[in-house]
Amino acid sequence: GSPWAVAATAQAGGLVMMPKDGPFAEVETQVELYQRAAEIIRNPIFNLPEEGREEIIESHLANIGVTLAPDPRKTLKAMEALLQIGCRTCRVYSPEAGTAEMVMTTRVLRAAFGEDIEIFTGQVVDGEQALRIKEAGASGGYGGIGGGEICDTPGEAAVAFMLVMML
């Protein structure tokens, strides 16, 4: 939840998704976090070269997204507010892999915003689920089972990181 951590991750080239739980369950808090991180990125403590400065800043801002619950009505409202301030990337997340709500939310977001946003959806655990989220309009998907510290994918798959599947 730190704007400095969000900005630093984005500037380092990482795709960082703002959380959706706890104090970030309300879109207003996600908006505030994005705005603070964006301000840090737009006013770096080091001098960027004038040539290409705006492109660099925009590429960093594009690395910041928001995690959204698989709830089409709430998600539409949240994405509208975030899009207005420049956030164009989201992750439709459910720790329960491949739920119908996750697929429906992805479909609703794509229908509402078209190609103006990037949508990453997950968790998915097999090719059938990956195909469903792709057909719903996902830009990419997250593989795995369970969320956060309860996720057993690394142990089961013998890998120590989250697998990101590009569709």
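A disulfide is a pair of cysteine sulfur atoms within 2.5 Å, and I begin with that definition because it settles the first thing we can ask of this structure. How many disulfides does the structure hold? The structure holds 0 disulfides, and the reason can be read from two cysteines, since the sulfur of C87 has its closest cysteine sulfur in C90, at 7.8 Å, which is too far for a bond. Seen from the other side, C90 is in no disulfide either, the sulfur of C87 being the nearest at 7.8 Å.

Before going further, let me say what kind of model this is. It is a predicted model, in which local features need pLDDT of at least 70 and side-chain atom pairs count only at pLDDT 80 or more, while totals for chains, interfaces and linings use all residues. Residues are numbered from 1 along each chain as its sequence is written, and side-chain values use heavy atoms, with hydrogens and water left out.

The term pLDDT stands for the predictor's confidence in each residue, on a scale from 0 to 100. For this protein the mean pLDDT is 85, and 86% of the residues reach 70 or more. Over residues 153-167, however, pLDDT stays under 50, and for that stretch the model has 27 contacts beyond four places in sequence, where contact means heavy atoms within 4.5 Å. Where pLDDT is low, the predicted coordinates should not be read in detail.

Now to the overall layout. The protein has 7 helices and 6 strands, where helices (H or I, at least four residues) and strands (E, at least two) are DSSP runs numbered from the N terminus. Read along the sequence, these elements follow the pattern α-β-α-α-β-α-β-α-β-α-β-α-β. Among contacts between residues at least 6 apart in sequence, 62% join residues at least 24 apart.

The next topic is burial. A residue is called buried under 20% relative accessible area, exposed over 50%, and partly exposed in between, with a 1.4 Å probe and protein chains only. By that rule, 43% of the 167 residues of the protein count as buried. To return to our two cysteines, C87 counts as buried because its relative accessibility is 0%, and C90 is likewise buried at 0%. The accessible surface of the protein comes to about 9,000 Å², of which 55% belongs to carbon and sulfur atoms; such areas come from the Shrake-Rupley method with a 1.4 Å probe, and for residues only the protein chains shown count as cover.

Which residues form a nonpolar patch on the surface? They are W4, I45 and F46, with about 420 Å² of accessible area together. Patches are made of residues with over 30% relative accessible area and no salt bridge, like charges being joined within 9 Å and nonpolar side chains (Val, Leu, Ile, Met, Phe, Trp, Tyr) within 5 Å. W4 sits in helix α1, which covers residues 3-11, and at 56% relative accessibility W4 counts as exposed.

After helix α1, in the loop that leads to β1 (16-18), we find G13, which counts as exposed because its relative accessibility is 54%. The C-alpha atoms of G13 and A62 are separated by 9.7 Å, although the two residues are 49 apart along the chain.

Let me turn to charges. Side chains of opposite charge can pair when their charged atoms come close. A salt bridge is a side-chain nitrogen of Lys or Arg within 4 Å of a carboxyl oxygen of Asp or Glu, and by this rule the count comes to 4 salt bridges. One of them joins R36 and E32, at 2.9 Å from N to O, and both residues lie in helix α2 (residues 27-42), 4 residues apart, about one turn of the helix. R36 is partly exposed at 48% relative accessible area, and E32 is partly exposed at 37%. Another salt bridge links D21 with K20, whose closest N and O atoms are 3.0 Å apart, and K20 is buried, with a relative accessible area of 19%. In the pair of R53 and E54, the closest N and O atoms are 3.8 Å apart.

My last residue is R132, in helix α6 (residues 127-136). Is R132 buried, partly exposed or exposed? R132 counts as partly exposed, because its relative accessibility is 29%. Leaving aside neighbours within four places in sequence, R132 is in contact with G98 and V103.
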